[in-house]
Every structure is written in C-alpha cells, then in structure tokens.
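This report describes how selected secondary-structure elements and nonpolar cores are arranged. The sequence and the structure are shown first.

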Amino acid sequence: MTSRIRSHSNPNPPNSLNSPNSPAPRRRTVVKAAAATAVLAGSLAAATPARASAEAPAFLHGVASGDPLPDGILLWTRVTPTPEAVPGSGLGPDVEVSWTVALDKAFMNVVAKGSATASAASDHTVKADIRGLKPATDYWFRFSSAGTDSPAARTRTAPATDAAVTGLRFGVVSCANWEAGHFSAYRHLAARGDLDAWLHLGDYIYEYGTGEYGTRGTVVRPHAPAHEILTLADYRTRHGRYKTDPDLQALHAAAPVIAIWDDHELANDAWSGGAENHTEGTEGTWPARQTAAKQAYFEWMPVRPAIEGTTYRRLRFGKLADLSLLDLRSFRSQQVSVGNGGVDDPNRTLTGRPQLDWLKAGLTASDTTWRLVGNSVMIAPFAIGSLSAEILKPLAELLGLPKEGLALITDQWDGYTDDRRELLAHLRSNAIRNTVFLTGDIHMAWANDVPYNAGTYPLSPSAATEFVVTSVTSDNLDDLVNVPEGTLSAVAAPVIRAANRHVHWVDTDRHGYGVLDLTAERTQMDYYVLSNRTSANATASWARSYRTRSGTQKVERVYAPVN
C-alpha cells in the first residue's frame, strides 16, 4: 500500500464547540442521541454492503479507526476490487482508494483528503494515518474507489496532552469466538453514542477449525476457513470473516478502537518460541506461522505499532489518564507445568526485559491522574480453593489447569511471579498511585485488588486495582457443563472469593462487556451482560459496578452504573 495526503484545511472553526480554548460540555449529554442515531444508520448500511461486481469495487468489510492521538487518527478499510478478490485469495488488481475526513456526516466541512493504492500484497486493506486534526473532536470519514463510497463512520481524537479533561468513557471487550454466537456486545456498545474509544483486550479472532473450540456442542455460525488457520492466506481469510459481522462493523463505525492481541490471534497459549496449539513440523514452523498471523493482524486492524511486530505502546488522554498497552505473547518464556516450581524462576519472563523496563519507566514518569494498563491476562493472584469435583473439572478445563486442580494458572501473571513481583515492588517503592489494570482472556468478569503479597492480604496493602471483563461469546464455566446461566457461579464464586480475599467479585457464567468511566475522583467499571450469546437479537442489562477512588488502590462496589 502507498498513500499520500492531498490537503488539509482548518479542522475546527473558531466558534466550534470542541475548541480546545473553551470547555466542551460532556458529549454524552450533548450528542449521545444524535450520535447513536447517526452511527447506527451508517452501520446498518455497512452491515449489508452491496456485493462486489465486475464493474465496481465494494467495501464489504466496513470501515474502522483506531489509536486516537490529540492531532490524529488511524483509518482502515478493505476494498474488494473484483468478485474473486476475496480475503486471503491473493487475487485482484491494484485499485486506487481515497479517503475523506470531515467535521460533519454530510462531508460539507472537509478537513483532510488522501489516497492509497490497495493491492493483493496487503490483502487489499488500506490504512491512513491522518494528522493535523484538532484534539478532543468528533470527525466523520469515508473511503471511495472508482465511484463507490464506503459507509460513513465517526471517530474521535484524543484530548490535548495538557488538557484538563473532566471525564472519559471507554467500552471494554475481549474474547469473541465467531462460532459460539453473535457479537451483540458490540452492537450494544455501538448504540450508546457516548464512547471516546473502545478497548479490545485480546482474542479478537480465534484460530481453531470449525467445532474445535467451545460452542456448547453447537456451531452457531461456521468459521472461514473451516480448518485451523496456519498460513498468511488462512489468517487473512479468518480476519475477513470476522469483519463481515454487522455488530462488529457497527462498533468500528461508532468509535475508534484501541486493541492489543492475546494468544488466539496467533495460537492458543502462544509464547515467544511456540504455542500449545501448534505442532512444529506438522503445522509448519512457529516463526513462519507467527509472522503470518502478525502480518494479517496489522493488515486488518487499525493498530499503530510503536515497535514493529508488537502491540505494546502508550496513548495519552490529557491530564486525566494515560494507557500503557502490553504485548504479553511476543516475548514471554514458555509456560511451565503447574506445581513444578518454575513460576518463580527469575530467568523466565512474561513481558521481556525491554517491555517491563518501558512499562516501569512510563508509570514512574506519568503525570496523569490515572495510569491505565491494557493487560491481556489477569495480574491479580488466583487460587482455586476447595471446589467440588463437578465444578473443579470444568473450571480446570477453562483455565488450562490439570484436573487435580492445583491452584495456579501458569498462562497468566501467576506463571511469571518474578515479573509481577518486580512490577508491584516498583509501584510501591516509587509511591505510584492510581494504577488500574484492564484485563480480558479469562472469560469471566472480576473486580480485584492487586496486593503486594496475596498470602498476607489484607494486611499486605494493595498496589493497584484490576477490572477484568468477561467474554463476548467464548465459553465460560456454565457453557462448559451445559447448565443454565448462574448455576455454577452461585457455588463457585463464593469459594473463589474465600480463597482470594483480594477478589471483590467474580461472575463465572455470563457473557458481555464493560464500560469504563473516568473522572479525577474515581475510575468506575460498569459490567453489562447479554441475554443469550447465540441470539442475534440478544438484549443487554447492567449487572454490577465497581470503582477505584483516587488514592485508595482499592476496589469498592457501586450500586448503579454511571448512566
């Protein structure tokens, strides 16, 4: 892909409501209804795009934006120039694709234009890193090719670096298995109309073949390709299938995404030299598979890597928060077997030395009120405790533990205690406050304190807090044993909390998403759950809310969502 910026004009007239020189009213009360209506109208068009024809290109995979900066945003689309140029095919001619960015959906006030050549070499994906925009401002964008326009979509830039931001709101999701159900969580987040951005904390796609990963024995909708993905063409095809989902397209059209990968974008329980779900030789070499997976990811996702081939980077949102995003797959040592003592080996690492040093330095240097960490696997310690066999066995399967139930998940920070100990000691010795980990992966919702020493908690103080979101569709505990929602959580959750006094809440059974709301006084996570992951029309309802008040490093329950 090649790109060029054609022109820029003043993206913010002097009297704009979003002028950085005048305080902007909170957008959720000013534009929520209008934004939701406009975004859903645009996303419905994206959900049912015209089929590609021999005469005209088509935008069958929607449009997206990501990684907001105070002066810029990364735009993305995929064009289908001819019917045979499907994702992963390597077919189709080069085609010119242009983009337009404006302050209004009617595109009367255009602020930036540019173009790129989409080719089979990049799977006909297009990314445009737009700069010269105004901070904390809503923009609309679209792509065009050979007379065909994509749907219009909304995005938003980050606040100015030194802005005194009164509030931020992020959607938070993880773990979306295509075959297990529909992505209603994305639809409900898109309909809000009040998000500054949304965070995807990993497992955006899954690598398994059809029927090979938890679906309660029923494939709601089959993968493409049907086999486990191994090659660049495979990974491109799988990403392409995901991007046809109408709810995912709706959310990408509603707000910018900030994404990191976990293991399933590569292969289950990936580490630097391999993966649990990779057989060397039979499935090719791990370096080749990993390279293919990463290439497809960066082609298909609006992610701006600070370091090539990784997803760790940092974004800032005025003086209110910065967000350190981690890559916990590319550099980690291989997971050890439970109970063999290797979890404490200082020569093993989850983050890799450069990334851990980068994280520590960033937390120390931060001058924002909140230090958010986008974290793909749970950092709070977790012991299982005394669970009955009928609960322990499916829980062990979900968490990758031996059926005997030894109390450790070695794929999480629990399996790399030296890295965790060093990071938490750094927070304590430098008196770093208001660090909040935002986590996915485990297919359950949690609200945790992160103690310096879990064995002596609550006598040992808490270094940080952690909000873990459940899965969009991927199996959780009740799915594994095929019982009604809430059946096992009612028994398992009290036992888990009794064995882990730093855990304030755990929901082992439901699917959904989170909405994170920040002010200078507190960070609050509102947890929402879906009525049925297998229904395309699933409803969403509020389940619980927890907050961390500034300076406390503690989680406490709140009895209503922000709104």
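## Strand β18 and its surroundings

Strand β18 directs Thr435, Phe437 and Thr439 to one side and Val436 and Leu438 to the other, and every one of these residues is buried. In a regular strand, side chains alternate between the two faces of the sheet. The model discussed here is predicted. Because five of the five residues of β18 are buried, the strand is largely enclosed by the rest of the structure.

β18 is paired with two strands, β17 and β20. The table gives the pairings and, for each, the residue that stands opposite Thr439.

| Partner of β18 | Sense | Bridges | Residue paired with Thr439 |
|---|---|---|---|
| β17 (370-375) | parallel | five | Asn375 |
| β20 (462-468) | parallel | four | Val468 |

Thr439 thus has a bridge partner in β20, Val468, and Asn375 stands opposite Thr439 as well.

## Helix α7

Helix α7 comprises 13 residues, 353-365; at 1.5 Å a residue these should span 18 Å, and the end C-alpha atoms are 18 Å apart, which agrees. Its buried residues are Gln355, Leu356, Leu359, Lys360, Gly362 and Leu363. Viewed down the helix axis, the buried residues fall within an arc of 165°, so they line one face of α7. An α-helix has 3.6 residues a turn, so residues three or four places apart point the same way. Pro354 and Ala365, on the other side of α7, are exposed.

What do the buried residues of α7 pack against? Their partners are the strands β15 (313-317), β16 (321-325), β17 (370-375) and β18 (435-439), together with helix α9 (417-429).

## Nonpolar cores

The largest nonpolar core contains 44 residues, and Phe183, Tyr186, Trp198 and Tyr513 have the most contacts inside it. At least two residues of this core come from each of the helices α3 (184-192), α4 (232-242), α5 (246-252) and α6 (286-300), and likewise from each of the strands β12 (257-259), β22 (512-518) and β23 (522-530). The greatest contribution is that of α6, with six residues.

Leaving aside neighbours within four places in sequence, Trp198 is in contact with Gly171, Val173, Leu248, Leu251, His252, Ala255, Pro256, Val257 and Ile258. Apart from the largest core lies another, of 32 residues, which includes Leu201, Val436, Ala447 and Leu516. Val436 also belongs to β18, where Val436 and Leu438 point the same way.

Notes. Residues numbered from 1 in each chain as written. Predicted model: local features only at pLDDT ≥ 70, side-chain atom pairs only at ≥ 80, totals over all residues. Heavy atoms only, no water. Core = buried A, V, L, I, M, F, W, Y, C linked by side-chain atoms within 4.5 Å. Buried < 20%, exposed > 50% of the residue type's maximum accessible area, 1.4 Å probe, protein only. Contact = heavy atoms within 4.5 Å. Expected span 1.5 Å × (residues − 1). Arc of directions from axis to C-beta. Pairing = 2+ DSSP bridges.
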